[in-house]
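Got your viewer open? Let's take a walk through this one, stop by stop, with something to select at each.

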Amino acid sequence: MKSLKDLEAIRQRTLQDVGIRNDRKGTRIVIGMATCGIAAGARPVMMKFVEEVANRKLQDVAVSQTGCIGMCEFEPLVEIYAPGQEKVTYVKMTPEKAARVMSDHIVNGQVVGEYTIGSVKK
Amino acid sequence: MKELSLHILDLAQNSIVAGAKLIEIEVAESKKNDSLTILIRDDGKGMAADFAKTVTSPFSTTRTTRKVGLGIPLFEERAEMTGGRLSIRSEPGKGTELFAEFGLSHVDRVPMGDLAGTAFLLMNSNPQLDFRLLVRVDEDEFMFDTRQIREALGAEIPLNSPEVAAWMMESLKEGIESLHGGM
Ligand SMILES: Nc1ncnc2c1ncn2[C@@H]1O[C@H](COP(=O)(O)OP(=O)(O)OP(=O)(O)O)[C@@H](O)[C@H]1O
Ligand SMILES: [Mg+2]
(Lines give C-alpha, C1' and ligand atoms only; values in the text may rest on other atoms or scores of the structure.)
(Ligands and ions follow the chains in the order given, each with its own letter.)
Protein backbone atom coordinates (compact mmCIF):
# COMPACT_ATOMS: atom_id res chain seq x y z
CA MET A 1 0.00 0.00 0.00
CA LYS A 2 1.17 3.54 -0.75
CA SER A 3 1.50 5.81 2.23
CA LEU A 4 2.13 9.50 2.85
CA LYS A 5 5.59 8.50 4.09
CA ASP A 6 6.64 7.74 0.48
CA LEU A 7 6.38 11.45 -0.20
CA GLU A 8 9.48 12.36 1.80
CA ALA A 9 11.77 10.55 -0.65
CA ILE A 10 9.87 11.93 -3.63
CA ARG A 11 10.25 15.37 -2.10
CA GLN A 12 14.02 15.04 -1.86
CA ARG A 13 14.39 13.80 -5.42
CA THR A 14 12.03 16.39 -6.87
CA LEU A 15 13.67 19.31 -5.06
CA GLN A 16 16.84 18.65 -7.03
CA ASP A 17 14.93 18.93 -10.33
CA VAL A 18 12.84 21.93 -9.39
CA GLY A 19 15.91 24.16 -9.58
CA ILE A 20 16.30 23.24 -13.24
CA ARG A 21 12.62 23.72 -13.92
CA ASN A 22 12.38 27.24 -12.56
CA ASP A 23 14.71 28.85 -15.06
CA ARG A 24 13.13 27.22 -18.10
CA LYS A 25 9.95 28.53 -19.64
CA GLY A 26 7.44 25.74 -19.89
CA THR A 27 4.97 24.43 -22.43
CA ARG A 28 1.30 24.23 -21.55
CA ILE A 29 -1.09 21.63 -22.93
CA VAL A 30 -4.67 22.74 -22.38
CA ILE A 31 -7.62 20.41 -22.91
CA GLY A 32 -11.23 21.53 -23.33
CA MET A 33 -13.19 19.89 -20.51
CA ALA A 34 -16.71 21.23 -20.70
CA THR A 35 -19.61 18.82 -21.18
CA CYS A 36 -19.11 18.78 -24.95
CA GLY A 37 -15.41 17.91 -24.66
CA ILE A 38 -15.90 15.21 -22.05
CA ALA A 39 -18.76 13.61 -23.99
CA ALA A 40 -16.56 13.58 -27.11
CA GLY A 41 -13.76 11.72 -25.31
CA ALA A 42 -11.50 14.35 -23.73
CA ARG A 43 -10.69 12.29 -20.63
CA PRO A 44 -8.62 9.53 -22.32
CA VAL A 45 -6.87 12.20 -24.40
CA MET A 46 -5.89 14.08 -21.28
CA MET A 47 -4.81 10.87 -19.58
CA LYS A 48 -2.52 10.10 -22.53
CA PHE A 49 -0.84 13.51 -22.33
CA VAL A 50 -0.36 13.22 -18.55
CA GLU A 51 1.10 9.72 -18.87
CA GLU A 52 3.48 10.80 -21.63
CA VAL A 53 4.66 13.79 -19.57
CA ALA A 54 5.26 11.52 -16.57
CA ASN A 55 6.97 8.75 -18.57
CA ARG A 56 9.27 11.20 -20.30
CA LYS A 57 9.86 12.98 -16.98
CA LEU A 58 9.21 16.36 -18.58
CA GLN A 59 9.47 18.79 -15.67
CA ASP A 60 8.66 21.85 -17.79
CA VAL A 61 5.44 20.68 -19.44
CA ALA A 62 2.11 21.17 -17.66
CA VAL A 63 -1.23 19.66 -18.65
CA SER A 64 -4.27 21.67 -17.66
CA GLN A 65 -7.95 21.91 -18.43
CA THR A 66 -10.31 24.64 -19.45
CA GLY A 67 -14.04 24.99 -20.04
CA CYS A 68 -15.67 25.16 -23.44
CA ILE A 69 -13.37 26.58 -26.10
CA GLY A 70 -16.41 27.36 -28.23
CA MET A 71 -16.14 24.92 -31.11
CA CYS A 72 -18.06 21.93 -29.82
CA GLU A 73 -18.15 20.17 -33.20
CA PHE A 74 -14.35 19.86 -33.13
CA GLU A 75 -14.04 18.39 -29.63
CA PRO A 76 -11.92 17.00 -28.08
CA LEU A 77 -9.88 20.17 -28.54
CA VAL A 78 -6.33 20.65 -27.33
CA GLU A 79 -4.35 23.88 -27.31
CA ILE A 80 -0.58 23.98 -27.09
CA TYR A 81 1.19 27.04 -25.76
CA ALA A 82 4.93 26.72 -26.29
CA PRO A 83 7.39 29.49 -25.48
CA GLY A 84 8.15 31.64 -28.51
CA GLN A 85 5.46 29.95 -30.60
CA GLU A 86 1.95 30.93 -31.57
CA LYS A 87 -0.85 28.90 -29.98
CA VAL A 88 -1.61 25.70 -31.88
CA THR A 89 -5.12 24.21 -31.70
CA TYR A 90 -5.60 20.51 -32.40
CA VAL A 91 -9.09 19.16 -33.13
CA LYS A 92 -10.95 15.85 -32.79
CA MET A 93 -8.18 14.44 -30.70
CA THR A 94 -7.74 10.79 -29.72
CA PRO A 95 -5.15 9.16 -27.43
CA GLU A 96 -3.27 7.98 -30.54
CA LYS A 97 -3.13 11.51 -31.96
CA ALA A 98 -2.06 12.75 -28.54
CA ALA A 99 0.94 10.40 -28.56
CA ARG A 100 2.00 11.75 -31.96
CA VAL A 101 1.56 15.41 -30.88
CA MET A 102 3.63 14.60 -27.82
CA SER A 103 6.60 13.20 -29.71
CA ASP A 104 6.50 15.43 -32.81
CA HIS A 105 5.36 18.75 -31.39
CA ILE A 106 6.07 18.88 -27.65
CA VAL A 107 9.38 17.05 -27.73
CA ASN A 108 10.68 17.84 -31.24
CA GLY A 109 8.98 21.16 -31.96
CA GLN A 110 7.28 20.02 -35.20
CA VAL A 111 3.59 20.98 -35.38
CA VAL A 112 1.44 18.07 -36.63
CA GLY A 113 -0.29 20.04 -39.37
CA GLU A 114 -2.88 17.44 -40.33
CA TYR A 115 -4.49 17.48 -36.86
CA THR A 116 -4.73 21.25 -36.51
CA ILE A 117 -7.84 23.38 -36.73
CA GLY A 118 -6.43 24.99 -39.89
CA SER A 119 -6.49 21.70 -41.78
CA VAL A 120 -10.18 20.98 -41.11
CA LYS A 121 -11.49 24.52 -41.56
CA LYS A 122 -10.33 25.02 -45.12
CA MET B 1 -21.85 10.06 -21.21
CA LYS B 2 -21.51 6.42 -20.45
CA GLU B 3 -19.88 6.61 -17.01
CA LEU B 4 -20.92 8.37 -13.82
CA SER B 5 -17.29 9.33 -13.30
CA LEU B 6 -17.44 11.37 -16.53
CA HIS B 7 -20.34 13.32 -15.03
CA ILE B 8 -18.23 13.91 -11.92
CA LEU B 9 -15.44 15.29 -14.11
CA ASP B 10 -17.94 17.57 -15.84
CA LEU B 11 -19.59 18.82 -12.65
CA ALA B 12 -16.23 19.49 -11.02
CA GLN B 13 -15.46 21.67 -14.04
CA ASN B 14 -18.47 23.82 -13.02
CA SER B 15 -16.90 24.20 -9.56
CA ILE B 16 -13.56 25.18 -11.08
CA VAL B 17 -15.24 27.79 -13.29
CA ALA B 18 -17.02 29.08 -10.15
CA GLY B 19 -13.62 29.81 -8.60
CA ALA B 20 -13.59 27.03 -5.99
CA LYS B 21 -10.45 26.50 -3.93
CA LEU B 22 -11.59 23.21 -2.42
CA ILE B 23 -13.71 20.62 -4.18
CA GLU B 24 -15.04 17.67 -2.21
CA ILE B 25 -16.33 14.57 -3.94
CA GLU B 26 -18.06 11.78 -2.05
CA VAL B 27 -19.22 8.57 -3.66
CA ALA B 28 -21.02 6.01 -1.55
CA GLU B 29 -22.39 2.65 -2.52
CA SER B 30 -24.73 0.77 -0.19
CA LYS B 31 -25.89 -2.67 -1.14
CA LYS B 32 -28.18 -2.76 1.87
CA ASN B 33 -30.08 0.34 0.74
CA ASP B 34 -29.57 -0.50 -2.94
CA SER B 35 -28.30 3.04 -3.43
CA LEU B 36 -25.39 4.88 -4.94
CA THR B 37 -24.92 8.51 -3.98
CA ILE B 38 -22.66 11.19 -5.39
CA LEU B 39 -21.97 14.45 -3.61
CA ILE B 40 -19.96 17.31 -5.07
CA ARG B 41 -19.34 20.27 -2.80
CA ASP B 42 -17.35 23.39 -3.54
CA ASP B 43 -16.51 26.73 -1.98
CA GLY B 44 -16.91 28.65 -5.22
CA LYS B 45 -19.03 31.70 -5.88
CA GLY B 46 -22.37 29.88 -5.59
CA MET B 47 -25.63 30.76 -7.30
CA ALA B 48 -28.51 33.06 -6.46
CA ALA B 49 -31.52 31.17 -5.12
CA ASP B 50 -33.82 31.76 -8.09
CA PHE B 51 -31.11 30.80 -10.58
CA ALA B 52 -30.25 27.63 -8.64
CA LYS B 53 -33.91 26.59 -8.85
CA THR B 54 -33.88 26.72 -12.65
CA VAL B 55 -30.46 25.20 -13.20
CA THR B 56 -31.74 21.72 -14.05
CA SER B 57 -33.18 23.21 -17.23
CA PRO B 58 -30.74 23.34 -20.15
CA PHE B 59 -31.71 26.96 -20.73
CA SER B 60 -30.13 28.02 -17.45
CA THR B 61 -26.53 28.76 -18.18
CA THR B 62 -24.08 31.59 -17.70
CA ARG B 63 -21.78 30.25 -20.37
CA THR B 64 -21.10 32.55 -23.27
CA THR B 65 -19.95 30.18 -26.00
CA ARG B 66 -23.23 28.27 -26.32
CA LYS B 67 -26.82 28.99 -25.30
CA VAL B 68 -27.56 25.78 -23.45
CA GLY B 69 -25.85 24.22 -20.46
CA LEU B 70 -26.10 20.46 -20.42
CA GLY B 71 -24.02 19.26 -17.48
CA ILE B 72 -26.59 19.42 -14.69
CA PRO B 73 -29.69 18.47 -16.76
CA LEU B 74 -27.95 15.33 -18.09
CA PHE B 75 -26.85 14.34 -14.60
CA GLU B 76 -30.34 14.80 -13.20
CA GLU B 77 -31.80 12.70 -15.99
CA ARG B 78 -29.28 9.93 -15.25
CA ALA B 79 -30.36 9.87 -11.60
CA GLU B 80 -34.10 10.02 -12.28
CA MET B 81 -33.87 7.19 -14.82
CA THR B 82 -32.87 4.92 -11.94
CA GLY B 83 -35.61 6.03 -9.57
CA GLY B 84 -33.26 8.51 -7.90
CA ARG B 85 -33.05 12.28 -7.78
CA LEU B 86 -30.74 15.29 -7.78
CA SER B 87 -30.79 18.09 -5.28
CA ILE B 88 -28.81 21.32 -5.31
CA ARG B 89 -27.97 23.65 -2.46
CA SER B 90 -26.13 26.80 -3.22
CA GLU B 91 -25.41 30.05 -1.50
CA PRO B 92 -23.88 33.08 -3.22
CA GLY B 93 -20.38 33.71 -1.92
CA LYS B 94 -20.31 30.42 0.00
CA GLY B 95 -20.46 27.56 -2.46
CA THR B 96 -22.54 24.86 -4.02
CA GLU B 97 -23.48 21.32 -3.14
CA LEU B 98 -24.88 18.82 -5.61
CA PHE B 99 -26.28 15.58 -4.25
CA ALA B 100 -27.50 12.76 -6.47
CA GLU B 101 -29.01 9.43 -5.58
CA PHE B 102 -29.15 6.45 -7.94
CA GLY B 103 -30.80 3.05 -7.73
CA LEU B 104 -27.68 0.88 -7.39
CA SER B 105 -29.02 -2.22 -9.11
CA HIS B 106 -31.40 -0.44 -11.50
CA VAL B 107 -30.90 -1.65 -15.10
CA ASP B 108 -30.60 1.91 -16.37
CA ARG B 109 -27.82 2.88 -13.99
CA VAL B 110 -24.65 3.55 -15.94
CA PRO B 111 -21.43 2.23 -14.38
CA MET B 112 -19.12 4.38 -12.26
CA GLY B 113 -16.25 3.86 -14.69
CA ASP B 114 -12.78 5.14 -14.01
CA LEU B 115 -13.19 7.12 -10.79
CA ALA B 116 -9.50 6.92 -9.88
CA GLY B 117 -8.45 8.28 -13.28
CA THR B 118 -11.03 11.05 -13.08
CA ALA B 119 -9.96 12.17 -9.61
CA PHE B 120 -6.32 12.00 -10.64
CA LEU B 121 -6.84 14.16 -13.75
CA LEU B 122 -8.71 16.78 -11.76
CA MET B 123 -5.91 16.96 -9.19
CA ASN B 124 -3.14 16.87 -11.77
CA SER B 125 -4.52 19.55 -14.05
CA ASN B 126 -5.49 21.90 -11.22
CA PRO B 127 -2.46 21.66 -8.92
CA GLN B 128 -3.32 24.97 -7.27
CA LEU B 129 -6.71 23.67 -6.04
CA ASP B 130 -7.46 21.22 -3.28
CA PHE B 131 -9.55 18.11 -3.66
CA ARG B 132 -10.92 15.71 -1.11
CA LEU B 133 -12.22 12.39 -2.37
CA LEU B 134 -14.17 10.03 -0.17
CA VAL B 135 -15.28 6.67 -1.50
CA ARG B 136 -17.42 4.36 0.57
CA VAL B 137 -18.51 0.84 -0.32
CA ASP B 138 -20.79 -0.49 2.41
CA GLU B 139 -18.67 -0.29 5.58
CA ASP B 140 -15.34 0.26 3.80
CA GLU B 141 -13.96 3.72 3.21
CA PHE B 142 -11.12 5.34 1.29
CA MET B 143 -10.18 8.99 1.68
CA PHE B 144 -7.70 11.01 -0.35
CA ASP B 145 -7.02 14.66 0.44
CA THR B 146 -4.56 16.81 -1.53
CA ARG B 147 -4.09 19.07 1.51
CA GLN B 148 -2.33 16.21 3.28
CA ILE B 149 -0.10 15.63 0.27
CA ARG B 150 0.74 19.30 0.00
CA GLU B 151 1.67 19.35 3.67
CA ALA B 152 3.95 16.31 3.32
CA LEU B 153 5.63 17.71 0.20
CA GLY B 154 6.13 21.31 1.24
CA ALA B 155 5.19 24.38 -0.76
CA GLU B 156 8.03 24.22 -3.32
CA ILE B 157 6.85 21.04 -4.99
CA PRO B 158 3.81 21.24 -7.22
CA LEU B 159 1.30 18.40 -7.09
CA ASN B 160 1.71 17.84 -10.82
CA SER B 161 5.43 17.18 -10.82
CA PRO B 162 5.93 13.83 -12.53
CA GLU B 163 6.94 11.63 -9.61
CA VAL B 164 4.24 13.02 -7.35
CA ALA B 165 1.69 12.52 -10.12
CA ALA B 166 2.67 8.89 -10.58
CA TRP B 167 2.40 8.31 -6.83
CA MET B 168 -1.03 9.94 -6.70
CA MET B 169 -2.38 7.86 -9.56
CA GLU B 170 -1.14 4.66 -7.93
CA SER B 171 -2.55 5.58 -4.51
CA LEU B 172 -5.96 6.42 -5.93
CA LYS B 173 -6.09 3.19 -7.92
CA GLU B 174 -4.98 1.05 -5.01
CA GLY B 175 -7.28 2.79 -2.56
CA ILE B 176 -10.40 2.44 -4.65
CA GLU B 177 -9.64 -1.12 -5.73
CA SER B 178 -9.03 -2.15 -2.12
CA LEU B 179 -12.63 -1.33 -1.23
CA HIS B 180 -14.82 -4.37 -1.06
CA GLY B 181 -14.88 -5.52 -4.68
CA GLY B 182 -13.93 -2.07 -5.97
CA MET B 183 -16.43 0.38 -7.41
N1 LIG C 1 -20.71 24.57 -8.77
C2 LIG C 1 -21.28 25.66 -9.31
N3 LIG C 1 -21.06 26.89 -8.76
C4 LIG C 1 -21.63 28.01 -9.30
N5 LIG C 1 -22.44 27.99 -10.39
C6 LIG C 1 -22.69 26.79 -10.96
C7 LIG C 1 -22.14 25.56 -10.46
N8 LIG C 1 -22.59 24.55 -11.24
C9 LIG C 1 -23.36 25.12 -12.19
N10 LIG C 1 -23.44 26.46 -12.04
C11 LIG C 1 -24.21 27.40 -12.88
O12 LIG C 1 -25.21 26.66 -13.54
C13 LIG C 1 -25.09 26.80 -14.96
C14 LIG C 1 -25.50 25.50 -15.63
O15 LIG C 1 -24.53 24.45 -15.39
P16 LIG C 1 -24.44 23.22 -16.40
O17 LIG C 1 -23.30 22.37 -16.01
O18 LIG C 1 -25.77 22.56 -16.50
O19 LIG C 1 -24.16 23.89 -17.79
P20 LIG C 1 -22.87 24.74 -18.23
O21 LIG C 1 -21.72 24.45 -17.34
O22 LIG C 1 -23.31 26.16 -18.34
O23 LIG C 1 -22.56 24.18 -19.68
P24 LIG C 1 -22.02 22.69 -20.03
O25 LIG C 1 -22.04 21.92 -18.76
O26 LIG C 1 -22.94 22.16 -21.06
O27 LIG C 1 -20.63 22.87 -20.52
C28 LIG C 1 -23.66 27.21 -15.19
O29 LIG C 1 -23.55 27.97 -16.39
C30 LIG C 1 -23.36 28.05 -13.95
O31 LIG C 1 -23.83 29.37 -14.09
MG1 LIG D 1 -21.23 22.39 -16.83
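**Stop 1: a charged pair between chains**

Start by selecting A:R43, which is buried, with a relative accessible area of 9%. Keep in mind as you look around that this is a predicted model. Which residue does A:R43 form a salt bridge with? Add B:E3 to your selection: the closest N and O atoms of the two are 2.5 Å apart. You are looking across a chain boundary here, since A:R43 sits in helix α3 (residues 42-55) of chain A and B:E3 in the segment before α1 of chain B. B:E3 is partly exposed, at 22% relative accessible area. In general, side chains of opposite charge can pair when their charged atoms come close.

**Stop 2: the rest of the interface**

Now color the two chains separately and look at where they touch. On the chain B side, 43 residues are in contact with 37 residues of chain A. Together the chains bury about 3300 Å², and 65% of that is on carbon and sulfur atoms. Three salt bridges are found across this interface, along with 12 residue pairs in polar contact. To see which parts of chain B are involved, select α1 (4-17), α3 (71-80), α4 (115-125), α5 (146-153) and α6 (162-178); these are the elements that give two or more residues to the side touching chain A. Which of them gives the largest share? That is α6(B), with 10 residues.

**Stop 3: an enclosed strand in chain B**

Next, select residues 130-137 of chain B, which make up strand β5. Is it enclosed or open? Seven of its eight residues are buried, so β5(B) is largely enclosed by the rest of the structure. Show its partners on either hand:

- Strand β1 (residues 22-30) of chain B runs parallel to β5(B), joined to it by eight bridges. Pick B:I23 and you'll find B:F131 of β5(B) opposite.
- Strand β6 (residues 140-145) of chain B runs antiparallel to β5(B), with six bridges between them. Here B:V135 has B:F142 as its bridge partner.

Before moving on, zoom in on the hairpin of β5(B) and β6(B), where two residues lie between the strands. B:D138 takes a positive phi near 50 degrees there.

**Stop 4: a salt-bridge network**

Stay in chain B and select B:E24, which is buried at 14% relative accessible area. The side chains of B:E24 and B:R132 meet in a salt bridge (3.3 Å, N to O). B:E24 lies in β1(B) and B:R132 in β5(B), so this pair ties together parts 108 residues apart in sequence. B:R132 is buried as well, at 18%. Now add B:E26, B:R41 and B:E97: salt bridges that share partners join these with B:E24 and B:R132 into one network. In the pair of B:R41 and B:E24, the closest N and O atoms are 3.3 Å apart. Over all chains, the structure holds 19 salt bridges.

**Stop 5: the nonpolar core**

For the last stop, head to A:I29 and A:F49. These have the most contacts inside the largest nonpolar core, which has 81 residues. Leaving aside neighbours within four places in sequence, A:I29 is in contact with ten residues you can light up in turn, among them A:F49, A:V61, A:V78, A:I80, A:M102 and A:I106. Apart from this core lies another, of five residues, including A:M71, A:F74, A:L77 and A:V91. In soluble globular proteins, nonpolar side chains tend to be buried together.

Terms used:
Residues are numbered from 1 along each chain as its sequence is written. Chains are lettered from A and ligands numbered from 1 in the order in which they are written. This is a predicted model: local features need pLDDT of at least 70, side-chain atom pairs count only at pLDDT 80 or more; totals for chains, interfaces and linings use all residues. Side-chain values use heavy atoms; hydrogens and water are left out. A nonpolar core is a set of buried Ala, Val, Leu, Ile, Met, Phe, Trp, Tyr and Cys residues joined through side-chain atoms within 4.5 Å. Buried means under 20% relative accessible area, exposed over 50%, partly exposed in between (1.4 Å probe, protein chains only). Contact means heavy atoms within 4.5 Å. Helices (H or I, at least four residues) and strands (E, at least two) are DSSP runs, numbered from the N terminus. Two strands pair if DSSP finds at least two bridges between them. Buried area is the accessible area (1.4 Å probe) that two parts lose on being put together, summed over both. A salt bridge is a side-chain nitrogen of Lys or Arg within 4 Å of a carboxyl oxygen of Asp or Glu. A polar contact is a pair of N or O atoms within 3.5 Å; within protein, one must be able to donate a hydrogen and the other to accept it, and residues adjacent in sequence count only if both atoms are side-chain atoms.
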